[in-house]
Number of protein chains: 4
Amino acid sequence: MTKKAGKSLREKFALKNNLLKEGLAELLGTFILIALGCGSVAQTVLSRGALGGALMISVGFAMSVTLAVYVAGGVSGGHINPAVSFAMCLTGKMKWVKFPVYVFAQCFGAFLGAAMVFGINYDALMFHTHGVFTVTGPNATAHIFATYPQEYLSLTTGFVDQVVSTAFLILGIFAIFDTDNLGVPKGLEPIAIGLLIILLTSSMALNSGCAMNPARDLAPRVFTYLAGWGAEVFTAGSHWWWVPVVGPMVGAAVGTATYMLFIELHHAPVPLCQKNAPDTHHEYELTHLEERK
Amino acid sequence: MTKKAGKSLREKFALKNNLLKEGLAELLGTFILIALGCGSVAQTVLSRGALGGALMISVGFAMSVTLAVYVAGGVSGGHINPAVSFAMCLTGKMKWVKFPVYVFAQCFGAFLGAAMVFGINYDALMFHTHGVFTVTGPNATAHIFATYPQEYLSLTTGFVDQVVSTAFLILGIFAIFDTDNLGVPKGLEPIAIGLLIILLTSSMALNSGCAMNPARDLAPRVFTYLAGWGAEVFTAGSHWWWVPVVGPMVGAAVGTATYMLFIELHHAPVPLCQKNAPDTHHEYELTHLEERK
Amino acid sequence: MTKKAGKSLREKFALKNNLLKEGLAELLGTFILIALGCGSVAQTVLSRGALGGALMISVGFAMSVTLAVYVAGGVSGGHINPAVSFAMCLTGKMKWVKFPVYVFAQCFGAFLGAAMVFGINYDALMFHTHGVFTVTGPNATAHIFATYPQEYLSLTTGFVDQVVSTAFLILGIFAIFDTDNLGVPKGLEPIAIGLLIILLTSSMALNSGCAMNPARDLAPRVFTYLAGWGAEVFTAGSHWWWVPVVGPMVGAAVGTATYMLFIELHHAPVPLCQKNAPDTHHEYELTHLEERK
Amino acid sequence: MTKKAGKSLREKFALKNNLLKEGLAELLGTFILIALGCGSVAQTVLSRGALGGALMISVGFAMSVTLAVYVAGGVSGGHINPAVSFAMCLTGKMKWVKFPVYVFAQCFGAFLGAAMVFGINYDALMFHTHGVFTVTGPNATAHIFATYPQEYLSLTTGFVDQVVSTAFLILGIFAIFDTDNLGVPKGLEPIAIGLLIILLTSSMALNSGCAMNPARDLAPRVFTYLAGWGAEVFTAGSHWWWVPVVGPMVGAAVGTATYMLFIELHHAPVPLCQKNAPDTHHEYELTHLEERK
């Protein structure tokens with residue numbers, strides 16, 4: 001009797017539907033990514049560099065990814081990025097039917113994360129801007145939430161920048177989880193991914209801040225549109241907004257193709273005795289978490 | 001005979017009482033946290049930024065947590081924070097009867113740590129302040145020991161800031177120790193917690209320095225009250241002092257609830273054969289150290 | 001039938017020739033090293049220090065090595081440096097016949113990486129230099145790609161600097177992979193190598209930027225020669241260009257000899273029962289990956 | 001026959017005497033510590049902060065310790081510090097007869113490391129000082145090699161500073177290697193020790209640079225005395241030189257006692273069945289490497 005009662009709470013709340021469960025995890029993970037990642041941009045921008053700087057944002061954003069993957073990784077894989085989910089679907093590691101659910105959860109989580117950054121830093125924002133939220137100029141604050149290009153950046157270079165940086169991201173993620181390669185010890189992948197983000201934000205953030213993630217960029221941009229920054233968040237930089245949305249998706253395909261052609265296709269074939277379960281070998285890495293559920 | 005004599009020292013000092021043993025560990029851990037964490041603030045403030053900066057304090061405080069957890073973790077769990085102990089009690093991972101002992105040890109250790117920072121930096125303090133210890137103004141030194149809000153911060157936003165940052169801390173700790181999630185390899189949890197502190201102090205330190213720990217904030221504040229900074233340490237910032245005491249406790253509850261609702265409740269149920277020992281499964285992570293004793 | 005068809009793509013592309021496979025991996029690894037490592041220099045130089053600095057370049061270059069070793073390590077060993085390949089040949093861990101293939105792949109990858117840095121940062125380069133690419137002076141940009149000596153540096157000191165820094169690099173790599181020593185846990189070697197690069201670029205970058213890698217320095221230098229910086233890239237610094245090419249090769253020999261004489265020769269001899277396979281014991285560490293293929 | 005010949009090189013050089021072997025390892029380890037640790041100070045000082053800063057020195061010195069422990073750890077334990085050797089002797093983890101050999105090797109290695117820093121940075125030193133090597137003043141360079149106190153520091157506070165910082169160092173090392181506590185996974189201890197050094201140099205470097213190691217401070221000081229800085233290296237700071245020599249030895253005892261009293265004495269006693277080999281249990285952690293030899 002007591003045991004049954006003790007179990008009832010768990011039974012009541014536990015979602016039977018795996019997809020909903022995974023959506024919740026992606027939502028929470030992407031919320032963490034934006035609330036703390038963009039939070040580190042806010043800390044640097046609103047302290048005028050006294051409490052942060054380029055390296056601190058790089059480390060802060062990277063560790064927000066690490067935390068998000070530790071929180072969501074065991075449930076949904078911790079993609080927290082439509083480009084990553086796209087790469088997983090492309091390689092058959094995730095079913096396409098899940099893709100829209102993941103993307104919706106990621107965008108919704110990112111929107112809530114932006115709202116959290118806004119709320120936590122509301123007093124500082126009002127103090128520094130006197131309530132005038134601007135997208136460009138010396139007192140601009142919109143780049144706390146979404147990325148904007150340097151004035152000299154052409155759309156073409158900017159698009160290539162987003163494709164290439166995301167391709168490196170995806171390439172790195174495949175290497176980190178590839179147990180036929182060196183591989184990262186189980187349970188340390190989120191830290192290796194964090195180091196990968198430190199690398200990319202140290203090397204490829206000059207042009208436009210290295211978004212590499214449609215949900216990370218678009219959802220907070222929509223939030224700023226609604227919260228008082230106005231339509232300029234979409235028109236600025238020759239309508240820049242679509243570049244960090246489309247570029248990363250193309251980059252995901254490029255990164256996947258590069259890793260497959262240069263590394264994974266050349267791994268030794270699966271031994272004969274395992275041929276009855278073809279593909280298991282190479283699909284294992286990223287789906288083993290799912291199977292445990 | 002010789003063996004008996006050789007054992008006598010150990011037998012004499014070894015405390016039979018687990019709770020006293022755990023209290024000693026928490027005291028030493030929190031002492032380390034403040035002596036070295038606030039020490040890194042002292043190094044930056046008293047060198048006028050020549051020997052430190054925002055990132056160095058972030059890393060220094062984080063690594064003081066890492067060291068404290070390595071030192072105390074195997075004995076008491078290494079909470080070194082009443083908010084963490086509160087979350088452990090809330091989830092049944094620690095008995096409520098231990099809670100006051102832990103909190104007392106944490107506050108006492110933090111007080112001693114503040115005294116150590118004061119002693120080690122006494123010459124520098126006297127040189128820079130000429131013996132006039134102030135809480136506000138350009139020559140202020142009280143923020144070496146306890147946190148103070150930005151001038152523009154409202155108590156409401158400040159309280160929410162403490163609730164939210166501590167909720168992220170607790171959420172991260174649950175994820176790090178959740179063996180049903182990705183989990184951090186055994187023996188590396190203190191480093192993962194350190195990275196979590198780097199993240200939070202990079203992202204949420206703008207408003208009031210990201211205390212997230214009643215013992216870390218209140219005990220050194222009491223020390224400064226006694227050591228010559230006077231009653232202003234309590235009155236400054238519209239009597240700010242209670243916010244980093246109460247906020248983190250609320251945040252602990254919020255963080256616990258969030259992790260339970262979004263992640264832990266949806267883990268696959270314990271197999272039937274283990275139902276005779278209900279809850280063991282989910283209580284294991286943070287108590288396995290205790291059981292070894 | 002279906003299985004055969006499903007396997008065809010893999011079979012078609014999978015290279016039977018191990019050496020070609022390893023060359024592809026070295027090419028991709030060294031491409032990553034330069035595209036992202038020199039990319040971090042570009043970000044700092046072209047943002048005039050706003051988006052980077054000495055520590056960020058140190059961390060960026062180090063993590064580009066870490067990523068490159070994770071990507072190529074399981075296939076080719078992830079040398080991405082002719083000096084490392086040379087040390088492996090010297091100690092019998094790699095066959096000499098592979099050496100020219102590795103070096104060619106490394107140089108080709110580095111050249112492509114330099115082209116990628118040029119392309120990604122083309123708009124920024126044109127904006128800051130107005131199309132005048134210079135090797136020296138306040139607006140110099142050639143040091144984004146290759147290393148140049150301080151004005152006061154003699155060729156002799158510069159050569160010794162390259163020998164010594166590369167010797168430390170090789171010494172560190174031997175220690176990291178020496179399972180008879182402390183050894184780094186499997187799968188974490190790339191991170192330990194990254195930390196080693198952080199160390200060396202923090203300690204030995206004053207004189208000439210700490211190249212320690214002929215491919216990393218010469219191939220991007222050739223690229224800048226072709227891309228508009230002109231012959232000065234070879235004549236600058238009293239024809240400095242050959243120092244980071246020859247110095248590291250000498251350093252590889254010095255580092256190998258030092259580790260052998262001080263540490264490895266004194267390891268306990270292989271037990272009698274293993275004497276039928278002499279040298280296996282000490283060759284294992286760096287070749288075990290190869291054997292898996 | 002061939003096997004014998006192939007073995008001859010190894011047999012000729014391999015030292016039968018363990019102590020000599022350990023001395024060589026300590027010499028090489030401490031050489032690395034100074035050559036690269038003090039090298040990072042040189043890079044910052046001689047670039048006038050352009051290629052380094054407080055955090056970079058902190059990270060550089062820490063990673064030089066990490067590398068030194070990876071290189072020497074499997075042979076000699078990687079003490080590279082007489083205070084650490086002292087603590088090992090105090091707790092019976094090393095025989096006293098080895099102590100003078102370790103200390104001599106450490107001092108000799110540190111002296112050679114200082115010579116290496118001098119040689120590598122000779123051109124930069126001459127350029128910046130015009131050959132006038134000074135201990136104090138704006139153009140001082142002696143602090144590249146040894147530590148000097150702040151002008152306001154009393155000898156008493158300085159001595160306490162060295163005792164306390166070294167006590168924390170020793171405490172941390174005991175925690176890192178204590179397998180009855182959380183413990184660091186095998187092979188990662190050098191990285192944990194590196195993080196400990198980052199912590200201590202972030203928190204306790206204000207007064208006098210946080211030497212914590214008699215060999216690290218005295219041997220390079222003797223080198224500067226001989227190399228042209230003159231007797232002021234000993235007379236500066238009210239004859240400061242002996243403080244970072246004696247203080248760390250006292251600190252080693254204090255740190256050892258603290259860890260024993262607060263943590264180790266309270267570990268559960270060794271089970272009866274192991275009582276025939278008393279003390280093995282607690283001596284294991286730091287000597288297991290030695291036993292393998």
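I will talk about how the chains of this predicted model are related, what its nonpolar core looks like around one phenylalanine, and two residues with positive phi.

Let me begin with the relation between copies. Chain B can be superposed on chain A by a rotation of 90 degrees with 0.0 Å of shift along its axis, and the RMSD of that superposition is 0.0 Å. That is the relation of a four-fold axis. As for how the copies meet, only 4% of the interface residues of chain B are also interface residues in chain A, so the copies meet through different surfaces.

Turning now to the interior, the largest nonpolar core has 357 residues, and the members that touch the most other members are A:Phe168, B:Phe168, C:Phe168 and D:Phe168. If we take C:Phe168 and leave aside residues up to four places away in sequence, its contacts in chain C are C:Leu196, C:Leu200 and C:Met204, while those in chain D are D:Phe31, D:Ile32, D:Ala35 and D:Leu36.

Finally, the backbone. Which residues other than glycine have a positive phi? Two examples are C:Cys210, with phi near 60 degrees, and D:Ser238, with phi near 55 degrees. C:Cys210 sits in the loop between α8 (189-203) and α9 (214-229) of chain C, and C:Cys210 is buried, its relative accessible area being 5%. D:Ser238, by contrast, belongs to helix α10 of chain D, which covers residues 232-239, and D:Ser238 is exposed, with a relative accessible area of 53%.

Technical notes
Residues numbered from 1 in each chain as written. Chains lettered and ligands numbered in written order. Predicted model: local features only at pLDDT ≥ 70, side-chain atom pairs only at ≥ 80, totals over all residues. Heavy atoms only, no water. Least-squares fit on C-alpha atoms with pLDDT ≥ 70 in both. Contact = heavy atoms within 4.5 Å. Helix = DSSP H or I, 4+ residues; strand = E, 2+ residues; numbered from the N terminus. Buried < 20%, exposed > 50% of the residue type's maximum accessible area, 1.4 Å probe, protein only. Core = buried A, V, L, I, M, F, W, Y, C linked by side-chain atoms within 4.5 Å.
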